[in-house]
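Me: I would like to learn how to read this model one feature at a time. Could you take me through it, giving the general idea before each case?

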Amino acid sequence: MLSTVRAVSYPKESKLSPLYKSAYFIDAFAVTLPAKRHKDYTADALARVVFSDLPTWFTLLMWIRDQVMPIFSVKPSTEIQAAADKQGIETICVFPVLSREDNEVIVGENDSHLDFRTSVLIRESRLGAVGDGDDGVRGRELVATTVVHCHGLLGKAYITVIKVFHVMIVSEFERYTSACGYSTPAAALSADLHISQSQIRPSRSNVHDDSHSSSTRLALSSVAPAMLRRGHGLTTRLIRHHAANSRLYSTNEPHNIAILGAGITGLSTAYYLTQSLPSANITLYESSPRIGGWLSSHRVPVKDGTILFEAGPRTLRPNGNGVLAARLLQELGLAKDAIFAQRTGPAAKNRYVYYPDRMVRMPHPSFGLSENIWNMLTEPVFAGTLWGVASEFFTAARSDSVQDESVGDFFGRRLGKQPVDRLLSAVLHGIYAGDAYQLSAKSLFPTQWHDELQTGGILRGVLKAQADGRRVTRHEADFLLEMKYYAWDPLLKATLVENTCWTLKDGLQALVDGLTRHLLGHGSVTFKTSSPVEEVKLSGQNGSTIDVLAKGTEKPETYRHVISALSPTHLNQVTTSSSTTSTTTSTPLIPTIPAVTVMTVNLYFRTPDLNPPGFGYLIPRATPFEQNPERALGVVFDTAYSPSPKDLDFANWQITDTSQLQAAREAGQLINVNDFAWLNMPERPNAQDDVKERGTKVTVMLGGHWWDGWPSFPSEKEGLALARSVLERHLNIKEEPEAYMVNLQSDCIPQYTVGHEDRLKTAHGRLQQQYKGRLRVAGNWMAGVGVNDCLRSAWDVVRSIKDNRDETGLEKVATDEWVRIKAVKPGDPVKEGERGTTV
Ligand SMILES: C=Cc1c2[nH]c(c1C)Cc1[nH]c(c(CCC(=O)O)c1C)Cc1[nH]c(c(C)c1CCC(=O)O)Cc1[nH]c(c(C)c1C=C)C2
């Protein structure tokens with residue numbers, strides 16, 4: 001017996017739950033699924049039934065909507081479907097699929113008047129054990145939840161009308177779920193239900209046929225007959241589409257995957273695997289007893305409380321690949337612990353370069369044109385910059401025979417040597433701790449590198465980008481579009497847009513802890529810490545599997561996939577000990593990719609505001625030796641993103657009306673308080689330092705390329721002395737630090753030196769040839785050295801496994817598929833051959 005459709009409280013377990021609080025419209029209905037075979041249903045199959053076999057009156061209603069609503073700039077359904085098709089995004093009943101797991105599918109769309117999300121979730125029935133009762137399986141129910149955020153009056157008016165029909169649609173659920181409930185496996189296999197292979201049009205390329213899911217096929221087949229018989233064109237197409245895709249998401253034989261290295265890359269790889277292949281068995285090997293790698297935050301006692309020191313990265317940006325870290329904030333429930341530094345705050349506006357003997361503030365639009373121009377004309381750090389930019393337009397392009405060039409040589413040729421030595425080298429210190437005359441222009445500045453040949457110069461490239469859109473790889477454009485359809489908590493989204501960077505109250509280590517908690521809770525993830533890997537080699541018939549031998553174990557473990565999140569040096573050590581084929585080879589798998597060592601010295605002084613307001617300063621290569629004999633790369637003013645007790649004191653808040661703050665929060669609006677924002681305000685604003693009176697917290701960064709070839713590095717004591725010497729000369733800080741921490745990070749930042757791209761291509765070829773798709777690589781040594789880039793490479797590598805592509809992780813190197821993307825307003829038509837994105 002099926003129960004009737006009933007309204008239920010909004011499901012807490014739905015991925016939509018962060019959106020409930022600020023929604024304009026929200027409802028949730030449940031219908032009990034029959035017990036028999038209910039293990040076979042996937043949320044995807046049910047969602048397709050629910051959405052795609054809607055009654056005739058609904059089709060008519062949609063038609064009327066499509067005729068009327070475009071007048072108000074609302075997209076017709078054909079356009080929504082066409083846009084999704086064009087972008088390769090799957091749809092259910094024209095609506096883009098935003099998220100899909102075995103137990104929940106979310107569809108939705110952002111439009112000018114409203115954003116809507118609908119979740120189809122399968123969960124244990126809240127009515128207790130129901131169903132036929134002959135298999136002893138507890139009953140399950142389907143919960144459909146709809147959440148709408150309106151952007152204005154039109155949205156509100158629209159939803160008021162639609163609500164009526166929405167309820168009518170919901171009452172139809174029972175009919176659809178019954179269609180799947182009573183089919184049997186035998187029926188599923190019967191001739192009239194059979195969907196032949198030739199009818200299936202895979203939506204993604206390289207779909208392998210070896211992982212058919214009998215369970216998914218049964219669920220699918222069991223819902224298919226009525227629709228197929230009715231000859232419903234759209235429905236039939238969707239079912240076939242699903243049949244093709246179902247093979248990508250589940251498999252009889254769970255994937256057995258090893259990840260080498262449990263730093264941020266390894267952990268996030270495991271996380272994305274648990275999302276994409278929930279049944280996969282995952283083993284993480286980590287050589288040290290600690291997980292998290294370079295992300296390492298330490299709470300240190302001081303006289304009036306505790307302060308937080310970061311040994312490695314300390315803040316993350318939300319743009320570009322940063323969207324993945326921001327998603328983790330939402331998915332791991334960390335947003336409530338985040339501190340966001342406001343775009344208009346001093347940290348964002350005040351960035352300095354130390355040249356020749358003072359800190360010079362970099363131009364910012366908020367300082368006004370006259371101040372910026374005056375600074376540029378009078379400060380030696382800008383010498384040659386204005387002229388360099390003006391003359392760049394007329395500078396001849398390089399010969400196309402030049403394969404790569406250093407950043408210094410490239411920009412030196414186009415802009416002049418002074419801007420490189422006094423400004424650009426400082427930026428490269430802040431990101432790569434690297435040498436402008438060794439780092440590769442082709443790898444670090446691919447857009448400018450290509451623009452020189454294709455448009456005649458950097459400025460010309462900028463103008464073309466203004467007119468035709470930004471030039472990015474197709475892979476990148478696809479990623480941006482996919483991210484665009486993520487179901488953001490509107491408040492988090494608004495906060496990210498308004499802020500330049502974020503951190504967490506317990507430091508970025510909390511990201512590692514959040515991932516670890518998730519993985520431990522998942523059940524099929526095994527951590528092997530203090531287990532350095534000694535050997536990785538192909539095994540099985542024709543190298544169909546791959547073995548991992550860890551130190552201290554006698555026998556290797558066999559896996560279907562290995563993902564290396566190790567450094568190239570480390571990976572070479574475990575892959576060259578014995579060849580994957582019968583012959584032994586000493587050629588390393590990955591050609592040498594150098595890395596630099598950085599020493600971070602964190603200091604806390606009792607006196608507040610010892611540094612000017614701002615993010616910190618960078619020291620370029622041109623700064624005279626006597627101003628930087630310590631070979632420092634720069635100093636970070638950590639207090640800039642660490643709210644002071646004053647900021648947390650309610651009496652000092654710019655807006656003190658709690659009901660106003662609460663209302664704004666519930667409406668999805670953002671209110672900043674003293675240059676910071678917290679998602680949990682006004683209840684409990686976050687701060688990293690738990691002290692009564694804030695002092696000054698800074699980090700001095702030493703070494704990098706300056707230490708190239710050094711046989712040994714400074715000790716902790718020497719590092720502290722060097723850092724104090726820098727601070728005394730540059731900031732006149734003479735006092736004893738109340739707390740300090742010194743960390744030597746050996747070979748921590750890979751250097752993409754001239755020829756980097758070729759080295760990656762070689763590595764790709766060797767991986768392909770020697771490991772035949774069983775070994776993939778991810779990490780910061782290929783396409784970006786930051787935490788955000790690590791997340792991105794983890795994301796890409798997991799996607800290739802999910803899509804059954806035998807890849808190495810280096811496919812995207814030197815891709816020649818470029819497209820231009822341009823910001824489009826919702827509702828703007830997308831021209832043929834143009835990809836539009838508002839990301
Ligand atoms: C801790 C040392 C690091 C240095 N570079 C990086 C790290 C982790 C990597 C990196 N740093 C920055 C970027 C650009 C993208 C971004 O997230 O902003 C990357 C990939 C920028 C940056 N540089 C510094 C800071 C505080 C930031 C913001 C992000 C972060 O927390 O790292 C300062 C800084 N970093 C380094 C030096 C020598 C330095 C000097 C002041 C090396």
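Me: Let us begin with a cysteine: is Cys748 buried or exposed?

Reply: Burial is read from the relative accessible area, for which the cut-off is under 20%, and in this predicted model Cys748 has a value of 13%, so it counts as buried. Cys150 is buried as well, with a relative accessible area of 18%.

Me: How many disulfides does the structure hold, and which cysteine sulfur is nearest to that of Cys748?

Reply: A disulfide requires two cysteine sulfur atoms within 2.5 Å, and the structure holds 0 of them. For Cys748 the nearest cysteine sulfur is that of Cys790, which is 12 Å away, and Cys748 is accordingly in no disulfide.

Me: How should I read the sheet that contains E12, and in what order do its strands lie?

Reply: With a sheet, one asks for the order of the strands and the sense of their pairing, and here 3 strands form an open sheet in the order E16-E12-E25, with antiparallel pairing. Strand E16 (499-504) and strand E25 (676-677) each have a single partner strand and therefore stand at the edges, one side of each being left without a neighbour in the sheet. Strand E12, residues 338-342, pairs with E25 over 2 bridges, and Ala341 has Phe676 of E25 as its bridge partner. Helix H21, residues 490-498, lies across E12, E16 and E25 and runs at about 115° to E16.

Me: What can be said of the burial of strand E27, and which strands pair with it?

Reply: In a regular strand the side chains alternate between the two faces of the sheet. Strand E27, residues 696-703, has 8 of its 8 residues buried, so it is largely enclosed by the rest of the structure. Strand E22 (residues 595-605) pairs with E27 in the antiparallel sense over 8 bridges, and Val598 has Gly703 of E27 as its bridge partner. Strand E24 (residues 632-637) also runs antiparallel to E27, to which 5 bridges join it, and there Val635 is matched with Val700 of E27.

Me: For a helix, which residues of H14 are buried, and where do they lie around the axis?

Reply: The useful step is to list the buried residues and then ask how they are spread around the axis. In H14, residues 385-392, Thr385, Gly388 and Glu392 are buried, and because they cover an arc of only 60° around the axis, they lie on the same side of H14. What covers these buried residues includes helices H13 (369-378), H15 (407-415), H16 (417-432) and H19 (458-468).

Me: Where is Leu731 found, and which residues does it touch?

Reply: Sequence separation and spatial separation are best read side by side. Leu731 is found in helix H26, residues 716-731, and counts as buried at 12% relative accessibility. Its C-alpha atom is separated by 9.0 Å from that of Met359, although the two residues are 372 residues apart along the chain. Not counting residues up to four places away in sequence, Leu731 touches Met359, Leu610, Asn611, Pro612, Tyr617, Phe637 and Val726.

Me: Finally, what is the average pLDDT of the chain, and where does it stay under 50?

Reply: Where pLDDT is low, the predicted coordinates should not be read in detail. The chain averages a pLDDT of 81, and 78% of the residues score at least 70. Over residues 178-251 pLDDT stays under 50, and the model has 121 contacts beyond four places in sequence for that stretch; over residues 830-839 it is also below 50, with 31 contacts beyond near neighbours in sequence. For the complex, the predictor gives an ipTM of 0.96 and a pTM of 0.74.

Note on methods. Residues are numbered from 1 along each chain as its sequence is written. This is a predicted model: local features need pLDDT of at least 70, side-chain atom pairs count only at pLDDT 80 or more; totals for chains, interfaces and linings use all residues. Side-chain values use heavy atoms; hydrogens and water are left out. Two strands pair if DSSP finds at least two bridges between them. Helices (H or I, at least four residues) and strands (E, at least two) are DSSP runs, numbered from the N terminus. Contact means heavy atoms within 4.5 Å. Axes are lines fitted to C-alpha atoms, for helices over the stretch in contact, and angles run from 0 to 180 degrees between N-to-C directions. Buried means under 20% relative accessible area, exposed over 50%, partly exposed in between (1.4 Å probe, protein chains only). The arc is that of the directions from the helix axis to the C-beta atoms. pLDDT is the predictor's confidence in each residue, from 0 to 100.
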